Amino acid sequence: MPGWPEQVLETIREEFSDLPDVAQVTRVTLRLLIAAILGGVLGYEREKKGKAAGVRTHILVALGAGAIIRIGDQGEVKGLTTAAGIWLTAAIGMAAGMGREATAMLCSALALTVLSLFPKVAESLERRE
């Protein structure tokens, strides 16, 4: 009978078994990237038209989030990216709770990339125009 350290390690290995091999990691990564790219394309179109929900919001929504927040009588929209991030965080939590820990971690990494890297990319694209 294995000792408790071995049992803990085995349990952790089992919990991260939703991405058991390179093929499954590739499959999930491809699906999430396609969702993010398609969401980004739609968001780019919306951003170019001056809409509040732009590229980052659409990417986060496509990865598993969604939000619409209207403030006041004028229908001012604020905090969409933050709200989308909160919804995405809930989806990540659900994935982890369902035993999809590796998928949750991969989605978190993609979301962090969108939130940190994309503003720099968007700024670079705006300078070119």
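**Exercise 1.** Classify Arg13 as buried or exposed, and find its salt-bridge partner in this predicted model.

*Solution.*
Step 1. Arg13 has a relative accessible area of 51%. The cut-off for exposed is over 50%, so Arg13 is exposed.
Step 2. The side chain of Arg13 meets that of Glu10 in a salt bridge, with an N to O distance of 2.5 Å.
Step 3. Glu10 has a relative accessible area of 32% and is therefore partly exposed.
Step 4. Both residues belong to helix α1, and because they are three residues apart, about one helical turn separates them. In an α-helix there are 3.6 residues a turn, so residues three or four places apart point the same way.

**Exercise 2.** State how many salt bridges the structure holds, and describe the one formed by Glu123.

*Solution.*
Step 1. The structure holds two salt bridges. One of them is the pair Arg13 and Glu10.
Step 2. Glu123 forms a salt bridge with Arg127, and their closest N and O atoms are 2.9 Å apart.
Step 3. Helix α5 (residues 101–128) contains both Glu123 and Arg127, which are four residues apart, or about one turn of the helix.
Step 4. Glu123, with 44% relative accessible area, is partly exposed, whereas Arg127, at 62%, counts as exposed.

**Exercise 3.** Asp18 is buried; determine which side chain of opposite charge is nearest and which backbone nitrogens the Asp18 side chain reaches.

*Solution.*
Step 1. Asp18 is located in the loop between α1 and α2 (22–48).
Step 2. The nearest side chain of opposite charge belongs to Arg100, 4.5 Å away. A salt bridge requires a distance within 4 Å, and Asp18 has no salt bridge.
Step 3. Two backbone nitrogens are reached by the Asp18 side chain: that of Glu101 at 3.4 Å and that of Ala102 at 3.1 Å.

**Exercise 4.** Carry out a similar analysis for Asp21, giving its exposure and its contacts with backbone nitrogens.

*Solution.*
Step 1. Asp21 is also placed in the loop between α1 and α2.
Step 2. Its relative accessible area is 40%, so Asp21 is partly exposed.
Step 3. The Asp21 side chain reaches the backbone nitrogen of Ala23 at 3.2 Å and that of Gln24 at 2.8 Å.

**Exercise 5.** Check the length of helix α4 (residues 80–97) against the expected span, then list its buried residues.

*Solution.*
Step 1. The helix has 18 residues, and at 1.5 Å a residue it should span 26 Å. The expected span uses one less than the number of residues.
Step 2. The end C-alpha atoms of α4 are 25 Å apart, which agrees with the expected value.
Step 3. The buried residues in α4 are Leu80, Thr81, Ala83, Ala84, Gly85, Leu88, Ile92 and Ala95.
Step 4. Just after α4, Gly99 has a positive phi of about 90°.

**Exercise 6.** Identify the residues of the nonpolar surface patch and the element that gives the most to it.

*Solution.*
Step 1. The patch is formed by Trp4, Val8, Leu9, Ile12, Phe16 and Met105, which together have about 660 Å² of accessible area.
Step 2. Helix α1 (residues 4–15) gives the most, with four residues.
Step 3. Trp4 is found in α1 and counts as exposed because its relative accessibility is 63%.

**Exercise 7.** Give the order of elements along the chain and the share of residues that are buried.

*Solution.*
Step 1. The chain has five helices and two strands, in the order α-α-α-β-β-α-α from the N terminus on.
Step 2. Of its 129 residues, 29% count as buried.

How values were computed. Residues are numbered from 1 along each chain as its sequence is written. This is a predicted model: local features need pLDDT of at least 70, side-chain atom pairs count only at pLDDT 80 or more; totals for chains, interfaces and linings use all residues. Side-chain values use heavy atoms; hydrogens and water are left out. Patches are made of residues with over 30% relative accessible area and no salt bridge: like charges are joined within 9 Å, nonpolar side chains (Val, Leu, Ile, Met, Phe, Trp, Tyr) within 5 Å. Accessible areas come from the Shrake-Rupley method with a 1.4 Å probe; for residues, only the protein chains shown count as cover. Buried means under 20% relative accessible area, exposed over 50%, partly exposed in between (1.4 Å probe, protein chains only). Lys and Arg count as positive and Asp and Glu as negative; His and the chain ends are not counted. A polar contact is a pair of N or O atoms within 3.5 Å; within protein, one must be able to donate a hydrogen and the other to accept it, and residues adjacent in sequence count only if both atoms are side-chain atoms.
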